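User: Hello! I am new to this one, so could you walk me through how its features get their names?

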Amino acid sequence: MFGMIVCVIFLVEGSFSYGLFTKFENSLEDLLVVPKPFNSDIVILSIDNESINRVGQWPWPRATYAHIFKILEEAHPKVVGLDVALLEKSRLGEFDDAVLAATLASTSYPIVLSAEADPLILDKGMLPRAGVLRTPLPSFLTSQNISIGHTNLILDPDGVVRKVPLKVLSREGNTIRSFAYEILSKIQKGLPGEGNLETISRIVYSRAPGSVIRKPISSVLEDNSIASSLANKIVLIGATAPDLHDTKITPLSKGVEMPGVEIQANIVNMLARGYSLVPIPTRAMQLWILITILIPVLVFRRFKGASRPVFVNVAFGVVHTILAVVLFENGLVANIIHLNLGWFLSTLSLFGYTYFTTERERREMRKMFSKYVATDVLEYIMKNPDKVSLGGEEREVTILFSDIRGYTTFSE
């Protein structure tokens with residue numbers, strides 16, 4: 001039995017250390033993601049199909065964005081994030097870029113423009129790096145109210161976006177914050193947990209696709225009064241039109257992709273509310289897995305037979321799974337797959353060992369003694385097999401012989 005448990009420990013701990021079953025673990029954790037309170041100050045100005053039809057051919061002239069920023073100047077939002085790449089010169093010429101540059105230089109509210117790490121280099125234990133950091137044109141960055149944030153997201157092998165690099169290191173040695181992180185830093189000093197933020201953070205999604213407040217850009221361009229509803233709001237401008245292909249699958253998607261700007265809105269909400277999903281440290285997780293493997297050993301040693309220990313171990317498995325779910329709800333991520341794998345293999349191997357050895361011996365003992373002793377004596381023997389010895393045992397007893405008057409006649 002000892003050898004089997006050692007094998008289970010090496011098998012499960014090794015699997016956890018090498019990151020096996022990561023895909024299944026991610027899919028299981030996605031089932032635990034539920035909607036959470038969302039900041040009503042976060043609004044998306046969406047570049048949807050209706051806006052493209054009304055404004056005109058995509059990509060839009062830079063003058064269109066300049067017009068939008070001027071309209072927002074009257075509403076004075078808290079901050080505006082433009083999740084649209086302005087990395088190259090306008091197709092309409094320098095004058096088009098100059099119009100936007102002049103508008104950006106005169107805005108009184110903070111604006112965050114999007115940059116992109118191309119490619120994003122992820123090395124374990126190191127700060128994410130940008131092969132090349134593609135930034136907006138220098139003429140757009142002359143004002144102190146204008147800053148940049150990278151819009152890179154991390155796509156897992158199953159095609160789901162679950163992580164974001166909150167900081168990226170450029171080739172020049174500069175640290176660039178993520179788009180959402182930069183937006184929030186403009187209006188909120190001392191972000192929750194800012195000093196302890198992970199370099200790569202799990203995204204805590206609070207809303208399913210399409211649930212964040214959206215206002216079509218065309219409606220703002222055609223009716224300036226709508227802009228007044230954006231006063232003191234966190235405004236994100238980005239594409240939601242399916243034809244622009246800026247959508248990704250998220251844990252809350254349920255088959256419906258989420259626009260990139262809405263993912264950024266979820267990240268802003270996560271940082272603003274202090275939500276987090278932090279994996280339990282590796283050593284602590286290894287210890288927990290070890291405990292889930294060893295507890296079935298203690299249960300099988302405590303209770304005789306095979307069925308009763310299995311029942312107790314099933315209850316234990318339910319308890320530690322519920323604990324893992326509760327921790328997830330509170331921002332700590334346990335590896336549920338390996339916890340239950342260790343518990344299951346330990347319980348299964350102990351049950352098999354008990355059934356095919358101890359239980360077999362008990363069945364043979366019951367079969368042998370049932371021919372010679374009464375049922376009550378047999379049950380005593382089965383409960384106390386250690387008290388059974390070859391040749392039996394001697395006891396001093398008192399026996400009462402009695403007769404029943406008239407019994408012979410009665411029985412005849």
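Analyst: Gladly. Strands are DSSP runs of E with at least two residues, numbered from the N terminus, and two strands pair if DSSP finds at least two bridges between them. This is a predicted model, where local features need pLDDT of at least 70, side-chain atom pairs count only at pLDDT 80 or more, and totals for chains, interfaces and linings use all residues. Residues are numbered from 1 along each chain, and side-chain values use heavy atoms, without hydrogens and water.

User: What makes β9 and β12 a pair?

Analyst: Strand β9 (residues 161-165) and β12 are joined by three bridges in the antiparallel sense, and pairing asks for at least two, so they count as a pair. Lys 163 stands opposite Arg 202 in β12.

User: Why are β8 and β12 called edge strands?

Analyst: The open antiparallel sheet runs β8-β9-β12. Both β8 and β12 (200-202) pair on one side only.

User: How do you know which space is called a cavity?

Analyst: On a 1 Å grid over the protein atoms alone, a cavity is a set of points where a 1.4 Å probe fits but cannot get out; lining residues have an atom within 4 Å of a point. Its volume is the space filled by probe spheres set on the points, which are joined across faces, edges and corners. The structure holds one cavity of 30 Å³ or more, and the largest has about 50 Å³. Its lining includes Asp 30, Arg 162 and Arg 202.

Terms used:
1 Å grid on protein atoms, 1.4 Å probe; cavity = no way out; pocket = protein on both sides within 12 Å on 5 of 7 lines; lining within 4 Å. Helix = DSSP H or I, 4+ residues; strand = E, 2+ residues; numbered from the N terminus.
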